[in-house]
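The exercises below are for a reader who has not seen this structure before. Each one gives a task and then works through it in steps.

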Amino acid sequence: MLENGRPPFGMQVSGGSRNRPAVIYPDNNWTWPDLRTDIRAVVKLEYGSCSANEAAGELGPHRAEDITIKSEDGARNGFYVKGGEKYVLSGATIEMIGNGSDDFTGVGAGVMVDEGGELVLRGCDIQTAGVVRPCTLATRGGVLRIYGCRLTASGGTLPEGYVFRPGRGMLVPPPALGLSGNCRAHLSMDHSRTYFYDSEIVAEGWGALSTDAGNGYVYLEANRCGIEVRSPGYAASADGDCHVVLNDCRLETASHGLIMSGLSECALRNTSVRSGRHFAMIHNVKGVPTEVAELTVTGGEIETARECFLLKSANTYLDLVGVTIKSGCNVLLRAAVNFDEYATRVGSEPVFGNNLVLSDMELEGDIINEDTDRTLTVTLNGTLLRGAVKEAYLTMDPSSRWISSGDSTVIVMGDAAESQFDAPPGVTITADVGEDCRLRSCVLPLGGTLLVRQRKKGES
């Protein structure tokens, strides 16, 4: 699997991926379907007009305080803002009960901002109980700002005889993700921008902060928020064309901290994550083989029951700085082949592969590459790594060390010293090196073996 030369796009460095291949989409003129639909809402603000029905409390022209909205009509929204309107909703109580039918159109959302509308929520309590009944939703250029609110999405009971179909109208997450539930607490789509501050978001399953149908761009940010997913689901997702930022947040989830897909970006700063499976599962479905998902994590703590990172037939750039990580299965990263029928297929051209950059850290766990279509590169900057590394390109700055806990196979890029390697008795590190590398075979201080194989350029 490994070739004795530089990986196709070189070793990556902290601070952003380098030398990424251009993403070229097929010229099939495909665009996301127009999801416009007429929204019926308890309170509707649309291009300068306001209509209200069954809302307890007074509505001002630009703001409302302490109103109550409750509906058991699954086809009706709670509070809807559309078309350049700017509104502030404070202290509202919104309860929506009953199954929705299609959250891609936004029908049934507790609060929805649409077509360039802008809405500020302050101190609101929004609860939904029903299939695809999101608490909040932003789409088509809408801007949503949420301060000190609580969102709770309980989900509902699926219609009898329901059969999953991907895309518009799906009532559950794709089965290949291994998630449960039937409602996303928040959904961002189609050039919208959403900002959460000091809020609590609770989802029974599926997802808490979800992105989908980006159609070119979506931005979602959460600051100092608590995010809980009680049964298998994700705290946040970054779908294609979507950008997600989590600052100083707390994530508690039964299965996934993050799910990323396609050409997407996610950044976490000083955020704590506790997950019953993985911190981040990254995949690529129905995409193009040159797409790269970029994830940066600065500070914070991550604790997972299974692999911290699970990469499934995707290209990734993972940049971690000063993060505390604990994996219950002692595997930091596993790159694997995705057997999802919708997985993106790789052609004859080289792809970016998986690139892991670890800076200013001490961490323990294995790094394993089982993806036969992609290279894995590991870069250590001021880092001590304890764990096996299997089928990877490796570079270490002079201040980094690696103590292998199991037999490992790597290609060392650049130069390295024997003092940077160690392993216990019975463990062999097999390292291919280039002609200019001074590394030599030796018995390591703990009793293991460093086996160096020097090859000329072009040899495999």
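**Exercise 1. Find the bridge partner of Met96 in strand 11, and describe the strands on either side of it.**

Step 1. Met96 has Thr128 as its bridge partner in strand 11. Strands here are DSSP runs of E with at least two residues, and helices are runs of H or I with at least four residues, both numbered from the N terminus.

Step 2. This is a predicted model, in which local features need pLDDT of at least 70 and side-chain atom pairs count only at pLDDT 80 or more, while totals for chains, interfaces and linings use all residues. Residues are numbered from 1 along each chain as its sequence is written, and side-chain values use heavy atoms, with hydrogens and water left out.

Step 3. Strand 8 (residues 93-97) and strand 11 (residues 125-129) are parallel and share 5 bridges. Two strands count as paired if DSSP finds at least two bridges between them.

Step 4. Strand 8 also runs parallel to strand 5, with 4 bridges joining them. In that pairing Thr68 is matched with Thr93 of strand 8.

Step 5. The covered face of strand 8 holds Ile94 and Met96, and the uncovered face holds Thr93, Glu95 and Ile97.

**Exercise 2. Work out the strand order of the open sheet of 4 strands, and say which strands stand at its edges.**

Step 1. The order is 35-38-40-42, and the pairing is parallel.

Step 2. Strand 35 (362-364) and strand 42 are the edge strands; each has a single partner strand, so one side of each has no neighbour in the sheet.

Step 3. The partner of strand 42 can be checked: strand 40 (residues 401-403) pairs with strand 42 in the parallel sense over 2 bridges. Within this pair, Ile403 has Asp422 as its bridge partner in strand 42.

**Exercise 3. Take the salt bridges of Arg40, Arg374 and Arg438, name each partner, and state whether the residues are buried or exposed.**

Step 1. Side chains of opposite charge can pair when their charged atoms come close. The criterion is a side-chain nitrogen of Lys or Arg within 4 Å of a carboxyl oxygen of Asp or Glu. The whole structure contains 24 salt bridges.

Step 2. Arg40 pairs with Asp73 at 3.1 Å, N to O. Arg40 lies in strand 1 (residues 40-46) and Asp73 in the loop between strand 5 (68-71) and strand 6 (76-82), so the pair links distant parts of the chain, 33 residues apart. Arg40 is partly exposed at 37% relative accessibility, and Asp73 is partly exposed at 29%. Buried means under 20% relative accessible area, exposed over 50%, and partly exposed in between (1.4 Å probe, protein chains only).

Step 3. Arg374 pairs with Asp371, with 3.0 Å between the closest N and O atoms. Arg374 is buried at 4% relative accessibility, and Asp371 is buried at 0%.

Step 4. Arg438 pairs with Asp415, the closest N and O atoms being 2.5 Å apart. The two sit in different loops, Asp415 between strand 41 (408-412) and strand 42 (421-422) and Arg438 between strand 43 (428-433) and strand 44 (442-443), so the pair ties together parts 23 residues apart in sequence. Asp415 is partly exposed at 29%, whereas Arg438 is exposed at 62%.

Step 5. Salt bridges with shared partners also join Asp38, Lys44, Glu46, Lys82 and Glu115 into one network.

**Exercise 4. Describe the largest nonpolar core and the contacts of Leu295.**

Step 1. A nonpolar core is a set of buried Ala, Val, Leu, Ile, Met, Phe, Trp, Tyr and Cys residues joined through side-chain atoms within 4.5 Å. The largest has 96 residues, and Phe79, Phe279, Leu295 and Phe421 have the most contacts inside it. Strand 39 (residues 389-396) gives the most to this core, with 4 residues.

Step 2. Leaving aside neighbours within four places in sequence, the contacts of Leu295 (heavy atoms within 4.5 Å) include Leu258, Met260, Phe279, Phe309 and Tyr317.

Step 3. A second, separate core has 23 residues, including Ile39, Phe104, Val132 and Leu179.

**Exercise 5. Summarise the chain as a whole.**

Step 1. The chain has 0 helices and 45 strands.

Step 2. Of its 460 residues, 57% are buried.

Step 3. The C-alpha trace spans about 80 × 45 × 40 Å along its principal axes.
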